[in-house]
Amino acid sequence: MKTDKRLSAENFMKLVEVFTANEWEIPNEEAGMESRFNRFCERLCTLDAEEQRLVIELTRRFTAIGGAEYPQLILKLMNRLHSQKLPVFSEAGKVFILPLIAPEDRGRTKSSSVVWYHCREELIRYSLLLADKKVLYHDIEEASQIKNLKTNELVILVDDFVGSGETAVSAVNWFTDSFGTDPKQIIILSIAALEMGIDHVRQKTGVEIYAYYNFRKGISDYYSDDQRVGCLRTMKGIENKLKVSSKFRLGFAQSEALISLIRTPNNTFPVFWKSKDLPSPAPFSRD
């Protein structure tokens, strides 16, 4: 591990504490930028002491989910839903599972397809939630086969993350407009979701989202009024230094997310993922 004169011993030790608490690897002295810890140090060294303290504090509540964790998290979500005995699941005899993809994203590689593939594993297919149902898997190109649903049939759109909810709204609207599906027969399952996105999708489409992790805004929904103003001011200074475009200030749609998955969503604060036009890679790069 290498320190830098711009990263105080106090903040360095706080970062070590956070990495230890989050069970993230702290490398040996030979490690380079392949180490998340070293990338964090490099990013912090571009900030002043107050900005460093804020980023370290936010990192305490940061959730990093690797692709290897997806199957178990999907299974845990399904088992949780089974235990809740929700009518939308218990009354369904036939289920269609598709990746959540907006029409404008068709043909592009999306993480929802990864979740969809995992849902085909025996671990998921024969979970308590699905074991007594006829389950059919369709990719988005086969969605036209799902028409004229019977009352006991359900469409499940799956994804790893719902942020602002705009993609989900677009996907649901395309589905209902194209095939006349009742929104009450569509649900979304996601590994993680922002509460603002869940609310947006519900208001715009009437479709419910069920996620294993539900997150609020990392600053605005966490700190008291005085603290919130100060933290947002400090983050503005950070984003000025990083030359973050207006579209992504505080994360896309000002989401203030604190999460990384197979790919870090742009809803997360850019200090964690922005690498373009900067001298060193970000802790959780989107590249």
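Is D132 buried or exposed? In this predicted model, D132 is exposed, with a relative accessible area of 62%. Its salt-bridge partner is K133. The closest N and O atoms of this pair are 3.6 Å apart. K133 counts as buried, at 7% relative accessibility. The cut-off for burial is under 20% relative accessible area, so K133 falls in that class. Exposure requires over 50%, so D132 falls in the exposed class. The bridge between D132 and K133 therefore joins an exposed residue to a buried one.

The surroundings of K133 can be described further. K133 sits in the loop between helix 7 (122-125) and strand 3. Neighbours within four places in sequence aside, K133 contacts F89, S90, A92, G93, V95 and R125. Of these contacts, R125 lies in helix 7 (122-125). V95 belongs to strand 2 (94-99).

Confidence in the model was examined next. The protein chain averages a pLDDT of 94. A score of at least 70 is reached by 98% of the residues. Over residues 1-5, the pLDDT is below 50. Beyond near neighbours in sequence, this stretch has 13 contacts in the model.

The salt bridges come to 12 in number. One of them links the side chains of E10 and K14, with an N to O distance of 3.5 Å. Both residues lie in helix 1 (residues 9-21), 4 residues apart, so about one helical turn separates them. E10 is exposed, with a relative accessible area of 52%. K14 is partly exposed, at 24%. The value for K14 lies between the cut-offs of 20% and 50%, which means an intermediate class.

R202 and E208 form another salt bridge. Their closest N and O atoms are 3.0 Å apart. R202 is partly exposed, with a relative accessible area of 35%. E208 also counts as partly exposed, at 28% relative accessibility. Salt bridges with shared partners also join E17, E57 and R60 into one network.

The strands were then considered. An open sheet is formed by 5 strands. Their order is 3-2-4-5-6, and the pairing is parallel. Strand 3 (134-137) and strand 6 (208-215) stand at the edges. Each has a single partner strand, so one side of each is left without a neighbour in the sheet. From one strand to the next, the twist averages 20 degrees.

Strand 5 (residues 186-194) pairs with strand 6 in the parallel sense. This pairing extends over 7 bridges. Within it, A192 stands opposite Y213 in strand 6. E208, the salt-bridge partner of R202, lies in strand 6 (208-215).

Helices pack against these strands. Helix 4 (residues 70-84) packs on the sheet and touches strand 4 (153-162), strand 5 and strand 6. The direction of helix 4 makes about 120 degrees with that of strand 6. Helix 6 (residues 111-118) lies across strand 2 (94-99), strand 3, strand 4 and strand 5. Helix 6 runs at about 125 degrees to strand 4.

Definitions and conventions
Residues numbered from 1 in each chain as written. Predicted model: local features only at pLDDT ≥ 70, side-chain atom pairs only at ≥ 80, totals over all residues. Heavy atoms only, no water. pLDDT = per-residue confidence, 0-100. Contact = heavy atoms within 4.5 Å. Salt bridge = Lys/Arg side-chain N within 4 Å of Asp/Glu carboxyl O. Helix = DSSP H or I, 4+ residues; strand = E, 2+ residues; numbered from the N terminus. Buried < 20%, exposed > 50% of the residue type's maximum accessible area, 1.4 Å probe, protein only. Pairing = 2+ DSSP bridges. Axes fitted to C-alpha atoms, helices over the stretch in contact; angles between N-to-C directions.
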